[in-house]
Amino acid sequence: MKTHDLLTASSSPSPAHPDTIRFDPMRFIQLLTLLTGLAVISGCGAIKKNAIKSVADTLASPDSDVFSRDEDIELVAAAAPFGLKLYESLLESIPDHVPLLVATCSNFTQYSYAFLQTKAEESEYDDYTEYTKQKDRALRMYLRARGYCIRGLEQRFPGVQVALLRDPKAALARANKKDVPLLYWSAASWGAAISLGIGRPDLAGDLHVVRGLAERALALDPDYASGATHELMISLESLDEVVGGSEDRARAHFKRALELQKERPQAGPYVSLATGIALKKQNRVEFEQLLNDALAIDPDKNPAVRIPNLAAQRRARFLLKEVDELIPK
């Protein structure tokens, strides 16, 4: 049987949501003009740093939806690496800029889920060497994303990384609603890394941290990003009861995610419940129904989340194609 995700970060890739930070390649033409000018500024480091902060604030803004509205998923896949390196270049100059750290974490997570992990899964049976290569690369990207989110957490709450390992609830007690994107993407990137890094001793004991981050985000803003955290919780609650999972809670989060996305339907929750609950229970009827429900969504009727839906539907098609491997008759 094919290994399914520990976490299907709604990120995802079905990962992007209309209110989350996203890479917007269309802004880079304007921004590169400014960055070129910054390169020749001399004599006043303060002016240059303020200008870089202005660029970072623009990139970290959740207002634009050019990325998620695009209809060509391959174009987005090709453009994204350039954007990721731009984020990292800016962080060289302003390493403590929390919104940019969150944006960088978010975009590395989404890129890895949508394009690397998916590519790995699609090659598992045809080319195991390629599968291993892409899986390892996806894991490295998730860990890279997590590193940026941890830096953001440390800026907000010095010493939190160690405190999280001891007691996530106490460590995050000072967090407030404005920290929700940071908490959410920390949980998404960290959880995704755990799902691909099964057996790694440096990740084996971190599941309680992921749950603590997600639950704190949910408590502070239950409706964040049209149900993004509920979608993440579907995957967390799909785990075995021995590690804190609950099928009933997973289904409750699925129901709430659909309610929050009623006006802008998304395929992600259906894929998450299919891979989290139906696949684990080997319930072929429900598995196929959920994936077909995901495919029934018309991405063009909801342009703001077109790319997330296309990515989730691509995964749904692949899972249906492999259903006889996943859930034999």
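Ring pairs link Tyr184, Trp185 and Tyr224 into a cluster. This cluster belongs to a predicted model. One of its members, Trp185, lies in helix H9, which covers residues 180-196. Tryptophan 185 has a relative accessibility of 0%. The residue therefore counts as buried, since the limit for that class is under 20%. Tryptophan 185 can also be placed against a distant stretch of the chain. Its C-alpha atom is separated by 9.7 Å from that of glutamine 110. Along the chain, these two residues are 75 residues apart.

The search for aromatic pairs covered the whole structure and found 6. One of them joins tyrosine 111 and phenylalanine 115. The ring centres of tyrosine 111 and phenylalanine 115 are 5.6 Å apart, and the angle between the planes is 55 degrees. This pair is classed as tilted. Tyrosine 111 and phenylalanine 115 both lie in helix H5, which spans residues 98-123. They are 4 residues apart there, so about one helical turn separates them. Both residues are buried.

A second arrangement is seen for phenylalanine 254 and tyrosine 270. The centres of these two rings are 5.5 Å apart. Their planes meet at 80 degrees, so the pair is edge-to-face; the cut-off for that class is over 60 degrees. Phenylalanine 254 belongs to helix H12 (residues 247-260), whereas tyrosine 270 belongs to helix H13 (residues 268-278). The pair therefore ties together parts that are 16 residues apart in sequence. Phenylalanine 254 and tyrosine 270 are both buried.

An aromatic ring also takes part in a contact with a charge. The charged end of arginine 146 sits over the ring of tryptophan 190. The distance from that charged end to the ring centre is 5.1 Å.

Glutamate 237 is a charged residue to examine next. It lies in helix H11. Its relative accessibility is 2%, so glutamate 237 counts as buried. Leaving aside residues up to four places away in sequence, glutamate 237 touches Arg211, Gly244, Gly245, Ser246, Glu247, Arg249, Ala250 and His253.

Backbone angles were examined as well. Alanine 225 has a positive phi of about 50 degrees, although it is not a glycine. This alanine is found in the loop between helix H10 (207-220) and helix H11 (228-237). Alanine 225 is buried, with a relative accessible area of 3%. Glutamine 282 is not a glycine either, and its phi is positive at about 55 degrees. Its place is in the loop between H13 and helix H14 (284-296). Glutamine 282 has a relative accessible area of 30% and is therefore partly exposed.

Confidence was assessed along the chain. The protein chain averages a pLDDT of 85. A score of at least 70 is reached by 82% of the residues. Over residues 1-30, pLDDT stays under 50. The model has 131 contacts beyond four places in sequence for residues 1-30. Over residues 36-43, pLDDT again stays under 50. For residues 36-43, the model has 4 contacts beyond four places in sequence. Where pLDDT is low, the predicted coordinates should not be read in detail.

Definitions and conventions
Residues are numbered from 1 along each chain as its sequence is written. This is a predicted model: local features need pLDDT of at least 70, side-chain atom pairs count only at pLDDT 80 or more; totals for chains, interfaces and linings use all residues. Side-chain values use heavy atoms; hydrogens and water are left out. Rings of Phe, Tyr and Trp (its six-membered ring) pair if their centres lie within 6.5 Å; planes under 30 degrees apart count as stacked, over 60 as edge-to-face and the rest as tilted. Helices (H or I, at least four residues) and strands (E, at least two) are DSSP runs, numbered from the N terminus. Buried means under 20% relative accessible area, exposed over 50%, partly exposed in between (1.4 Å probe, protein chains only). A charge sits over a ring if NZ of Lys or CZ of Arg is within 6 Å of the ring centre and within 35 degrees of the ring normal. pLDDT is the predictor's confidence in each residue, from 0 to 100. Contact means heavy atoms within 4.5 Å.
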